[in-house]
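Me: Could you pick one part of this model and go through it closely with me? I'd like to know how the pieces around it fit together, and I'm happy with a long answer.

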Amino acid sequence: QVQLVESGGGLVQAGGSLRLSCTASGSIFSTKAMGWYRQAPGKQRELVATITGGGTTTYATSVEGRFTISRDNTKNTVYLQMNSLNPDDTAVYYCYYYAAAHWGQGTRVTVSS
């Protein structure tokens, strides 16, 4: 059974950076696509970034150039490096494993103005 655990969220000032991590209980990231999503209060959950098993990435327009998704298959971990954060980035961020339609528990990011 797959288990995804996110970490790295917290409170940061506008213009700052955070790195989120998502670690799987098993060896699944080497060949399967993963994604980061976020949900702000009162809004729909939205796609932030995706990465394939081969390392191909995509980004939402709102984060292009500021966020970077990456993976370390030896650690079964996917990362989201978030730079130049602004208050619109405030949300709970979720890791997603497409092959199993499985979500992590989420990690909260708050960006103060």
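**From a covered strand to the aromatic cluster**

Reply: Let's start with S3, where five of the seven residues are buried, so the strand is mostly covered. Keep in mind that this is a predicted model.

S3 has partners to work with. It runs antiparallel to S1 (residues 4–7), and four bridges join the two. One concrete pairing is Leu4 with Ala24, the latter in S3. S3 is also antiparallel to S8, this time with six bridges. There, Leu20 stands opposite Leu80 of S8.

Leu80 is a handy way into the interior. The largest nonpolar core has 26 residues, and Leu80 is among the four that touch the most other members, together with Trp36, Met82 and Tyr93. The strands that each put at least two residues into this core are S3 (18–24), S4, S5 (46–51), S7 (67–72), S8 (77–82), S9 (91–97) and S11 (107–112). As background, nonpolar side chains tend to be buried together in soluble globular proteins.

Tyr93 is the one I'd click on next. Skipping neighbours within four places in sequence, Tyr93 is in contact with Glu6, Leu20, Trp36, Tyr37, Arg38, Val48, Phe67, Leu80, Met82, Gly106, Thr107 and Val109. Two names there tie back to what we just saw: Leu20 and Leu80 are on that contact list, and they also stand opposite each other.

Arg38 is on the list too, and Tyr93 of S9 is its bridge partner. That pairing belongs to the S4–S9 pair, which is antiparallel and has six bridges. Arg38 itself sits in S4, and S4 is mostly covered, with five of its six residues buried. Is Arg38 buried or exposed? Its relative accessibility is 6%, under the 20% cut-off, so Arg38 counts as buried despite being an arginine.

Arg38 has a partner in another strand as well: Glu46 in S5 is its bridge partner there. S4 and S5 are antiparallel and joined by five bridges. Their hairpin has six residues between the strands, and in it Gly42 takes a positive phi near 75°.

What does Arg38 touch once residues up to four places away in sequence are set aside? The answer is Gln44, Arg45, Glu46, Val48, Ser62, Val63, Phe67, Asp88, Asp89, Ala91, Val92 and Tyr93. One of these, Val92, is 54 residues from Arg38 in sequence, yet their C-alpha atoms are 5.4 Å apart.

Now for the rings. The model has six aromatic pairs. In one of them, Tyr37 and Trp103 have ring centres 5.1 Å apart and planes at 75°; that angle is over 60 degrees, so the pair is edge-to-face. This pair reaches across the chain, with Tyr37 in S4 (residues 34–39) and Trp103 in S10 (residues 102–103), 66 residues apart. The two members sit on either side of the burial cut-off: Tyr37 is at 15% relative accessibility and counts as buried, whereas Trp103, at 33%, is partly exposed.

Both rings belong to one aromatic cluster made up of Tyr37, Tyr94, Tyr96, Tyr98 and Trp103. Arg45, which we met on Arg38's contact list, comes back here. Its charged end sits over the ring of Tyr94, 3.7 Å from the centre, and also over the ring of Trp103, 4.5 Å from the centre.

Two loop residues are worth a glance if you check backbone torsions. Most residues other than glycine have a negative phi. Ser84, in the loop between S8 and S9, has a positive phi of about 50° and is partly exposed at 43% relative accessible area. Ala101, in the loop between S9 and S10, likewise has a positive phi, near 50°.

Zooming out, the chain has eleven strands and zero helices. Its radius of gyration is 13 Å, close to the 13 Å the globule rule gives for 113 residues, so the chain is as compact as a globular protein of that length. The C-alpha trace spans about 40 × 25 × 20 Å along its principal axes, and 42% of the 113 residues are buried. Of the contacts between residues at least 6 apart in sequence, 55% join residues at least 24 apart. The Tyr37–Trp103 ring pair, with its 66-residue separation, is one example of a link between distant parts of the chain.

Key:
Residues numbered from 1 in each chain as written. Predicted model: local features only at pLDDT ≥ 70, side-chain atom pairs only at ≥ 80, totals over all residues. Heavy atoms only, no water. Phe/Tyr/Trp six-rings, centres within 6.5 Å; stacked < 30°, edge-to-face > 60°. Buried < 20%, exposed > 50% of the residue type's maximum accessible area, 1.4 Å probe, protein only. Lys NZ or Arg CZ within 6 Å of the ring centre and 35° of its normal. Core = buried A, V, L, I, M, F, W, Y, C linked by side-chain atoms within 4.5 Å. Contact = heavy atoms within 4.5 Å. Pairing = 2+ DSSP bridges. Rg over C-alpha atoms; globule rule 2.2 N^0.38 Å.
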